[in-house]
Every structure is written in C-alpha cells, then in structure tokens.
Amino acid sequence: IDKVFYKKTYDYIETVNKVSHDLVSMLDLKKIFNSVGDVIFSTLGLKSIYLLSAGPGGDYEVVYNMSYGGGKKGRQQTIDPRQQTTEHRTQTGEEILKIDGDSDLVRLLKTSDDVVIKDELTGIVEVLGQEAIDNISSAMKPFNGEVIAPVFIDDKLSLLIVLGGKLSGDIFTNEDVNLLKTVSNQTAIAIKNASFYAEKLRSERFASIGMMSATFAHEIRN
C-alpha cells in the first residue's frame, strides 16, 4: 500500500532550479560534489550514491558517497580528487573503490554518452556480447549500482554518478533519467568553472611571485 499509494514524488523543475542556483556560485570541487550528491540522494530517495572522478592514472575514484541503512543516513565521505590514493588509504585504513578506466563499463559510457540502467543491459546483449554485459554488471556490483550517469567535460568522461536502488523499491522512471541528465550537464559546467577559477588563482600566484622576484633582483642590483 505504501509503495503504490504513497510513492515519493518530486517537482522536476524545482529540483533543477535548486541545483542551478546552488552550483552557480560554487567554485570548490568538494562543495560541488557534496551539493550534487546530496540533492540526487534525497530527491530520488536512494539507498546509496557514489560520485567517482577521473584520476591521474585514468581510473575513476570515489570523491563522494552517501548510503542509507538502518533507518539512518550512512557516513558521508568527501575526498579531494587531487589527493593521492595512497594518502587516503593511510588516513582511513580502507581500500578505495574504483572503476577501471579501461573497463567495458567506461567504454559503454563513452560510446553511448547516456545514462546506463543495469536492468536494461540485457537489451543490448546482441550489440556488446554477454561477456561485456557481465563485466559491466560486475563493475557496478561493489557500489550496489543500479544506474550510472556520466558527466562529460570537453568531450572527456570526467565524473561518474552511481546510484543505488530506491528505498521505495520503485524502478527508475524516464523523469528520473531526464533529471540525472540535466544535473549531469549542470555539474559539468560547475566543475569547468571551478577549474577555470583554480587556474586563474594559480596564474595570479605565479605572476605575484614573478613580480616579487623581479623586485628583489632590482633591489639586489642597487
């Protein structure tokens, strides 16, 4: 009765506007990941969510996760994507979950440029082959993933949004998929803006150092 008559609903336009409003002023990657993860997690009523960012080696590493268990939200984990994997292992003593950059899952996301739904993989067995489908399912399993939304920046797959199932047990609807696509596009813009801002700060810092060095050299000559 609860699942049929009291399904969790949301206002699509209101959610999109909230994400746009929150991200437009964010220039810090951690805050962007937190904001996007929290909104998707609460709006869709998920069991879990992971955000994985492309690392220097090409693999995708967890930068945010949230889970729901025992009636409470699980531990939220936000990791600086610039931080080395070995450093994070040392701090937490835990093995970081990854998705191989050369995996069939990543290849599918790059090729399709679309949201991947686990339950619909059987529909493309003839295209990819059963072995590839099994590999994709295996890659999603450690995250209890049911849906994966890609985030592309300058035609590069930069971020993966991995969604666990819904607490209600409902399937993911077309509206859910459209919401994920819209949020993914907004996230890509926010990350790109944050990168531009970080690059600007670095340039200004180097310019300041150069000016200071020139001043020191001038004073020494005098």
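Is Glu-61 buried or exposed? Select it in this predicted model and colour by accessibility: at 14% relative accessibility, Glu-61 counts as buried, because the cut-off for that class is under 20%.

**Stop 1: the partner of Glu-61**

Keep Glu-61 selected and add Lys-98, since the side chains of these two residues meet in a salt bridge with an N to O distance of 3.9 Å. Lys-98 belongs to strand 5 (residues 98-99) and Glu-61 to strand 2 (residues 60-69), so the pair ties together parts that are 37 residues apart in sequence. Lys-98, at 36% relative accessibility, counts as partly exposed, whereas Glu-61 is buried. A search of the whole structure finds 5 salt bridges, and the next two stops show others.

**Stop 2: helix 5 and the loop that follows**

Select Arg-107 and Asp-104, which form a salt bridge whose closest N and O atoms are 2.7 Å apart. Both residues lie in helix 5, 3 residues apart, which is about one turn of the helix. Arg-107 is partly exposed, with a relative accessible area of 44%.

Now move to Asp-113, placed in the loop between helix 5 (104-112) and strand 6 (116-117), and look at its backbone: phi is near 55°, a positive value in a residue other than glycine. A second residue to select for the backbone is Asp-154, whose phi is likewise positive, near 55°. Asp-154 sits in the loop between strand 7 (147-153) and strand 8 (156-163), and with a relative accessible area of 53% it is exposed.

**Stop 3: from the loop to helix 8**

Return to the loop between helix 5 and strand 6 and select Asp-114 there, together with Lys-181 in helix 8; the pair is 67 residues apart and links distant parts of the chain. The two residues form a salt bridge, with the closest N and O atoms 3.3 Å apart. Asp-114 counts as partly exposed at 30% relative accessibility, and Lys-181 counts as partly exposed at 34%.

Follow helix 8 (residues 174-221) as far as Ile-220, which at 72% relative accessibility counts as exposed. Add Ile-209, Met-212 and Phe-216 to the selection, and the four residues together display a nonpolar surface patch of about 450 Å².

**Stop 4: helix 2 and its two faces**

Select helix 2 (residues 12-23), whose 12 residues reach 17 Å from the first C-alpha to the last, close to the 16 Å expected at 1.5 Å a residue. Highlight its buried residues, which are Thr-15, Val-16, Val-19, Asp-22 and Leu-23. Turn the view so that you look down the axis of helix 2: these buried residues fall within an arc of 135°, so they line one face of the helix. The face turned away from the buried side carries the exposed residues Ile-13, Glu-14 and His-21.

**Stop 5: onward to helix 3**

Select Ser-25 in the loop between helix 2 and helix 3, where at 58% relative accessibility this serine counts as exposed. Add Ala-194 and compare the two separations: Ser-25 and Ala-194 are 169 residues apart in sequence, and 9.6 Å apart in space, C-alpha to C-alpha.

Which residues does Ser-35 contact, leaving aside its neighbours within four places in sequence? Select Ser-35 in helix 3 (residues 29-44) and display its surroundings: with those neighbours left aside, Ser-35 is in contact with Asp-22, Leu-23 and Met-26. Asp-22 and Leu-23 are among the buried residues of helix 2, and Ser-35, at 12% relative accessibility, counts as buried too.

Conventions. Residues numbered from 1 in each chain as written. Predicted model: local features only at pLDDT ≥ 70, side-chain atom pairs only at ≥ 80, totals over all residues. Heavy atoms only, no water. Patch = residues over 30% accessible without salt bridge, like charges linked within 9 Å, V, L, I, M, F, W, Y side chains within 5 Å. Areas by Shrake-Rupley, 256 points an atom, 1.4 Å probe, with all protein chains shown as cover. Helix = DSSP H or I, 4+ residues; strand = E, 2+ residues; numbered from the N terminus. Buried < 20%, exposed > 50% of the residue type's maximum accessible area, 1.4 Å probe, protein only. Contact = heavy atoms within 4.5 Å. Expected span 1.5 Å × (residues − 1). Arc of directions from axis to C-beta.
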